[in-house]
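Please read this briefing alongside the model. It covers a barrel, a buried site and two loop residues.

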Amino acid sequence: MKKEDCYFLGKITRRHGLAGNVILKLDTDQPELYKKLDSIFVEINGLLVPFFIEKSSWSKLDALNIAFKNSNEALVDQSLGKNVYLPLASLPKLSGKQFYYHEVIGYEIFDEQDNSCGIVRSVNDQTAQNYFVTNLEGKEVVIPLIKDWILEVNREERFIKMQLPEGLIDVFLVPSKKDE
């Protein structure tokens, strides 16, 4: 399994108890989708290694207590502090205005007047306000990712139409006049 064919699920943060269980801290806003995992891929030395799950239970709202099949001390030690991935193919298909962040890389953003706001290069979800980072006329443009602003997601033609505040794109394209 290649990393580019997977998505980040979370991180194994610590041991739990004496039976060789570990805690998997999930990085998702829908943790309930991951209650019944059969296996995960743990990144070890740059490779994704499959780990099979014997049983799991909730430790917290966003953390699973996991027991691996055929677990031993070395296996548990190897997994501690490591990132966990699942295949992209395991994600449910979204429709309408819903999308996965990795899915929209390369999509073009348009405003209500069908003006291009750039091609999505990345989505930043590491701040309180998630945002698209696009490239327009050779300049980096930041567009806040606000659900109410999204009017349409067209998967066939690979674009997102948004209702953007007047002047938002100009902030990035129009040179500022120095105060006198």
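A residue counts as exposed when its relative accessible area is over 50%, and as buried when that value is under 20%; partly exposed lies in between. Glu-137 has 66% relative accessibility, so it counts as exposed. The model is predicted. Its sheet is a closed barrel of six strands with antiparallel pairing.

**Barrel layout**
- The strand order is β1-β2-β5-β4-β3-β6.
- Averaged over the sheet, neighbouring strands are turned by 45° against each other, direction ignored.

**Strand pairs in the barrel**
- Strand β1 spans residues 6-16 and runs antiparallel to β6, with five bridges between the two.
- In that pairing, Tyr-7 stands opposite Leu-86 in β6.
- Strand β6 covers residues 83-87 and also pairs with β3, residues 39-44.
- The β3 and β6 strands run antiparallel and are joined by two bridges.
- Phe-41 faces β6 too, standing opposite Tyr-85.
- On β1, six bridges lead to β2, residues 21-26, again in antiparallel fashion.
- Arg-15 stands opposite Val-22 in β2.

**The β1-β2 hairpin**
- Strands β1 and β2 form a hairpin, with four residues between them.
- Gly-17 sits in the turn and has a positive phi of about 75°.

**Val-76, a buried helix residue**
- Val-76 belongs to helix α1, which spans residues 73-79.
- Its relative accessibility is 0%, so Val-76 counts as buried.
- Which residues does Val-76 touch, not counting those up to four places away in sequence? They are Arg-15, Gly-20, Val-22 and Ser-71.
- Two of these contacts, Arg-15 and Val-22, are also the residues that stand opposite each other in the β1-β2 pairing.
- Val-76 and Val-22 are 54 residues apart along the chain, yet their C-alpha atoms are separated by 7.3 Å.

**Positive phi outside glycine**
- Glu-137 is a residue other than glycine with a positive phi, near 55°.
- Glu-137 lies in the loop between β9 (131-136) and β10 (139-144).
- Arg-158 likewise has a positive phi near 55° and is not a glycine.
- Where is Arg-158 placed? Arg-158 is in the loop between β11 (150-154) and β12 (159-162).
- Arg-158 has 38% relative accessibility and therefore counts as partly exposed.

Conventions
Residues numbered from 1 in each chain as written. Predicted model: local features only at pLDDT ≥ 70, side-chain atom pairs only at ≥ 80, totals over all residues. Heavy atoms only, no water. Pairing = 2+ DSSP bridges. Axes fitted to C-alpha atoms, helices over the stretch in contact; angles between N-to-C directions. Buried < 20%, exposed > 50% of the residue type's maximum accessible area, 1.4 Å probe, protein only. Contact = heavy atoms within 4.5 Å.
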